[in-house]
Amino acid sequence: MTVQDSGSVEDLAARLRPGFTLGVASAAFQIEGSLTADGRGPSGWDAFAEKPGAIVDGDSPTVACDHYNRADEDIALMQELGVDSYRFSLSWPRIQPGGKGSINQRGLDFYDRLIDKLLAAGISPMATLFHWDTPLELEHAGGWMNRDTAERFAVYCAAAADRFGDRVDHWVTMNEPVSVTVQGYSLGVHAPGRQLLFDSLPAAHHQLLGHGMAVRALRNAGVKGQIGVSNMHCPVESASNSLGDRLMTQALDLILNRIYADAILLGQYPKPPWPMKPWFRSLGTIHDGDLDLISQPLDFYGLNYYYPVKVAAGPGPAEIPTGKSPEMSEVPFHLAAYQEYETTGFGWPVAPEYLALLLRQMKDRYGDALPPVYITEGGASFPEPPHVDGPVQDTNRISYLAEHLGHALTATGPGGIAEDVDLRGYYVWTLLDNFEWAAGYSQRFGLVHVDFHTQERTPKESYYWLRALERARSQEP
């Protein structure tokens, strides 16, 4: 599919239901730069990025996309694109530099201006309260392994709610607590770089507790916007029908998916297969009332979908979706490859039909407890040059987005396998090529190419494709 394939664009546009949100998503640490501007404090990711070998090519997030100074330009790109909504994150250390104590008014002012400019451009703000940038002072005190971090998070959320609650249309309490737990505290490939393996699970519980406290703070503040959470979910399947593969698949499904969604939507943690109970023992240290707090009713549930996972018993290559992790050799399972699929620049299988399967699985597991759903992230990186003199011909990204959005609409439409799921929108990851965490600037997900030496923005063909889709929809009777 290409931008010129108007029939395909028009067909997809005709399938977008009235009120369906098309948006783009980003994260503060990945785009803002200006890491010491306006009194912002350091985060755990600032410290992690300074460790030798932690980031591909030694790339630095200090400037990133310079969005802090170029927000007007980026909002103009979104306005021209025609998206309904922009999902961005508030930087906790920019608003509360130490993670506790006084609130930084200059940090609040930056987001005040951003939200007002979005609204003036006709773009609905979706604000994420935590997208991985834990204040460094709290990280030094144990980070999300420390229950107190959830308490500190609630105070910051209350300050954000008080300042922006009259204008933000959707609130996401947390982004991908699974990624913080697994990559940051279990395997050590992301900040804070700890390698606790199964002993990392208190970080999951405390993030979920922080989510519950954030919901309470937002409700108490009387915010006008809807409240939800966003987590990455992976359909998990067994590499074979052997007992070992099936047991390990069950265990990884709990680790990646059910610990989070079961607690949030059902108010309970799932029971692991009995041979694996020792792995999950650290989840047993919860206080009375914790699960009630975690499972407060939500207005929506955000799904980030990128790839399915295939599991085989026994040690294997020290590979995880975002790179290499020697610690993976210490667990009794490994990830098997999907040979039948093309892959992204990260090596992730391009498997849009699994998004439909994921939606079906969520409804099967949670039934009426599943609120309306947004795909809060979906996108792909592909190899692209660092410098360009015109639009990147990223037909692979156009195909990726068209297929994933198409499968989601088919699955939740009449007669689809997940027609009982109330799917409200799809947010593309991401507007701009950015600092892709431990991958630095080696992975480009953007609809807009960024030259990280000059900061020049150049819309790619995928940008024009999405613009054509938005315009075709607006012409529907």
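A salt bridge here is a side-chain nitrogen of Lys or Arg within 4 Å of a carboxyl oxygen of Asp or Glu. Keep that in mind for the first stop on this tour of a predicted model.

**Stop 1: a salt bridge between two helices**

Select D253 and R365 and show their side chains. They meet in a salt bridge, with 2.3 Å from N to O. Now colour the two helices: D253 sits in α11 and R365 in α13, which spans residues 353-366. The two partners are 112 residues apart, so this pair links distant parts of the chain. Is D253 buried or exposed? With a relative accessibility of 12%, D253 counts as buried, because the cut-off for buried is under 20%. R365, at 31%, counts as partly exposed.

**Stop 2: along helix α13**

Stay on α13 and add R360 and D364 to your selection. These two form a salt bridge whose closest N and O atoms are 2.9 Å apart. Why do they sit about one helical turn from each other? They are four residues apart in helix α13, and that spacing accounts for the separation of about one turn. Switch on a surface and look for D364: with a relative accessible area of 55%, D364 is exposed.

**Stop 3: a salt bridge within a loop**

Next, pick D433 and R444. Their closest N and O atoms are 2.7 Å apart, and the two residues form a salt bridge. Both lie in the loop between β13 (423-429) and β14 (448-450), so the pair ties together parts that are eleven residues apart in sequence. Hide the surface to see them well, as both D433 and R444 are buried.

**Stop 4: a charged network**

Side chains of opposite charge can pair when their charged atoms come close. To see several of them linked, select D109, D112, D116, R163, D166 and R167, which are joined in a network of salt bridges. Across the whole structure, a search finds 33 salt bridges.

**Stop 5: the aromatic cluster**

Time for some rings. The structure holds 32 aromatic pairs. Begin with W45 and W437, a tilted pair with 4.8 Å from centre to centre and 50° between the planes. W45 belongs to helix α3 (residues 44-49), while W437 is in the loop between β13 and β14, and the two are 392 residues apart. Check how covered they are: W45 is buried at a relative accessible area of 1%, and W437 counts as buried at 4%.

Keep W437 selected and add W132. How far apart are the centres of these rings, W132 and W437? The centres are 4.6 Å apart and the planes lie at 35°, so this pair is tilted. W132 lies in the loop between β3 (124-128) and α7 (136-140), so its pairing with W437 ties together parts that are 305 residues apart in sequence. Like W437, W132 is buried.

To widen the view, select F29, W45, F48, W132, F435, W437, Y441 and F452: ring pairs link these residues into a cluster.

**Stop 6: the cavities**

Turn on a cavity display, if your viewer has one. The count comes to five cavities of 30 Å³ or more. The largest has a volume of about 380 Å³. To centre on this largest cavity, select V182, L187, L252, I255 and L256, which lie nearest its centre among the 25 lining residues. Colour α9 (177-186), α11 (243-266) and β11 (333-336), as each supplies at least two residues of that lining. The largest share, six residues, comes from α9. What classes of residue make up the lining of the largest cavity? The lining divides into 19 nonpolar, six polar and no charged residues.

The second largest cavity has a volume of about 220 Å³. Of its 21 lining residues, W132, E176, W348, E436 and W437 are the closest to its centre. You have met W132 and W437 already, as a tilted ring pair. By class, the lining of this second cavity has eleven nonpolar, seven polar and three charged residues.

**Stop 7: the nonpolar core**

For the last selection, choose L90, W144, F153, F164, W171 and L469. These have the most contacts inside the largest nonpolar core, which has 167 residues. Helix α11 gives the most to this core, with twelve residues. Helix α11 also holds D253, from the opening stop.

Technical notes:
Residues numbered from 1 in each chain as written. Predicted model: local features only at pLDDT ≥ 70, side-chain atom pairs only at ≥ 80, totals over all residues. Heavy atoms only, no water. 1 Å grid on protein atoms, 1.4 Å probe; cavity = no way out; pocket = protein on both sides within 12 Å on 5 of 7 lines; lining within 4 Å. Points joined across faces, edges and corners; volume = space filled by probe spheres on them. Nonpolar A, V, L, I, M, F, W, Y, C, P; charged D, E, K, R; others polar. Core = buried A, V, L, I, M, F, W, Y, C linked by side-chain atoms within 4.5 Å. Buried < 20%, exposed > 50% of the residue type's maximum accessible area, 1.4 Å probe, protein only. Phe/Tyr/Trp six-rings, centres within 6.5 Å; stacked < 30°, edge-to-face > 60°.
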